[in-house]
Amino acid sequence: MSRLASKILFVVAMLAFSASGYAQFGGGKVAVIDLEYILKNMPMYESANEQVKQITKKWQTEVEQKHEEARMLQKNYQTEVVFLSDEMKKAKEKEILAKEKEANDLGRKYFGPEGELFKKKESLMKPIQDEVYVAVKDIADLKGYTLVLDKTSTVGVIYYSAKVDISDDVLGKLGYTK
């Protein structure tokens, strides 16, 4: 979802909340935060971000070196191919393919969906996210907010009071029980 689409969705949601009436929302209050702004002003977050950048750069260099090795093998092969026997050609081709696979595997290991970078980001960012969540929850409880939205996120909801969760009511209406 684009940034513009998420902002439009946010505005529509806010209008829906206000149009549906204060009482229909359980008499609760809604608050908004700018999570990007909060994180950018947290030294822990900036430090974690810098660590992620350094690790990314290091791993990217490793992957590029492997790809360069494969390119060099390919280049050498092309210059030597006329002098090689069929058996030697097959061996060189196999070596090139193995090096390319090694480079691709390393790239996936570091940068794949469940790769090392993902795990490292999660280990560095989760404590910060948890700290922000606890602060938001404490302020929401203190000031009586039942819903806190993040104006910079496509997800939107950061915290909600269980009082406004009608999931069980919806299940009941559909004929299901928990």
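This is a short tour of a predicted model, stop by stop, with something to select at each one.

**Stop 1: the whole chain**

Start with everything in view and colour by secondary structure. You should find 6 helices and 3 strands. Walk along from the N terminus and the elements come in the order α-β-α-α-α-α-β-β-α. Now switch on the surface. The accessible area is about 12,700 Å², and carbon and sulfur atoms account for 59% of that. How much of the chain is buried? Of the 178 residues, 23% are. If you like drawing contacts, take the ones between residues at least 6 apart in sequence: 62% of these join residues at least 24 apart.

**Stop 2: two strands side by side**

Select residues 29-33, which are strand 1, and then residues 145-150, which are strand 2. In which sense do strand 1 and strand 2 pair? They run parallel, with 5 bridges between them. For one bridge to look at up close, pick V30 and find its partner in strand 2, L147. While you have strand 2 selected, check how covered it is: 5 of its 6 residues are buried. As you turn the view, keep one general point in mind: side chains in a regular strand alternate between the two faces of the sheet.

**Stop 3: the largest pocket**

Stay with these strands and add helix 5, residues 116-143. Strand 1, helix 5 and strand 2 each give at least two residues to the lining of the largest pocket. Which element supplies the largest share? That is helix 5, with 6 residues. The lining has 13 residues in total, and to land at the middle of the pocket you can select I33, I38, A135, V136 and I139, the ones nearest its centre. The volume is about 200 Å³. Try colouring the lining by residue class: 12 residues are nonpolar, 1 is charged and none is polar.

**Stop 4: the start of helix 2**

Next, select L35, in helix 2, which covers residues 35-40. Its relative accessible area is 21%, so L35 counts as partly exposed, given that buried means under 20%. Now add S153 and measure between the C-alpha atoms. L35 and S153 are 118 residues apart in sequence, yet the distance in space is 7.8 Å.

**Stop 5: I96 and what it touches**

Move on to helix 4, residues 86-111, and select I96, which lies in this helix. Is I96 buried or exposed? With a relative accessible area of 4%, I96 is buried. Show the residues around I96, skipping those up to four places away in sequence, and you get A70, L73, Q74 and Y77. One of them, L73, makes a good distance check: 23 residues separate L73 from I96 along the chain, and their C-alpha atoms are 6.0 Å apart.

**Stop 6: K99, also in helix 4**

Keep helix 4 on screen and select K99. Why does K99 count as buried? Its relative accessible area is 17%, and the cut-off for buried is under 20%. Beyond its neighbours within four places in sequence, K99 is in contact with K66, E69, A70 and L73. You have met A70 and L73 already, as contacts of I96.

**Stop 7: E80, in helix 3**

Last, select residues 43-80 to bring up helix 3, and pick out E80 there. E80 has 31% relative accessibility, so this residue is partly exposed. Finish with one more distance: from E80 to K92, 12 residues apart along the chain, the C-alpha atoms are 10.0 Å apart.

Definitions and conventions:
Residues are numbered from 1 along each chain as its sequence is written. This is a predicted model: local features need pLDDT of at least 70, side-chain atom pairs count only at pLDDT 80 or more; totals for chains, interfaces and linings use all residues. Side-chain values use heavy atoms; hydrogens and water are left out. Helices (H or I, at least four residues) and strands (E, at least two) are DSSP runs, numbered from the N terminus. Buried means under 20% relative accessible area, exposed over 50%, partly exposed in between (1.4 Å probe, protein chains only). Contact means heavy atoms within 4.5 Å. Two strands pair if DSSP finds at least two bridges between them. On a 1 Å grid over the protein atoms alone, a cavity is a set of points where a 1.4 Å probe fits but cannot get out, and a pocket is an open set with protein on both sides within 12 Å along at least five of seven lines; lining residues have an atom within 4 Å of a point. Grid points are joined across faces, edges and corners, and a volume is the space filled by probe spheres set on the points. Ala, Val, Leu, Ile, Met, Phe, Trp, Tyr, Cys and Pro count as nonpolar, Asp, Glu, Lys and Arg as charged, and the others, Gly among them, as polar. Accessible areas come from the Shrake-Rupley method with a 1.4 Å probe; for residues, only the protein chains shown count as cover.
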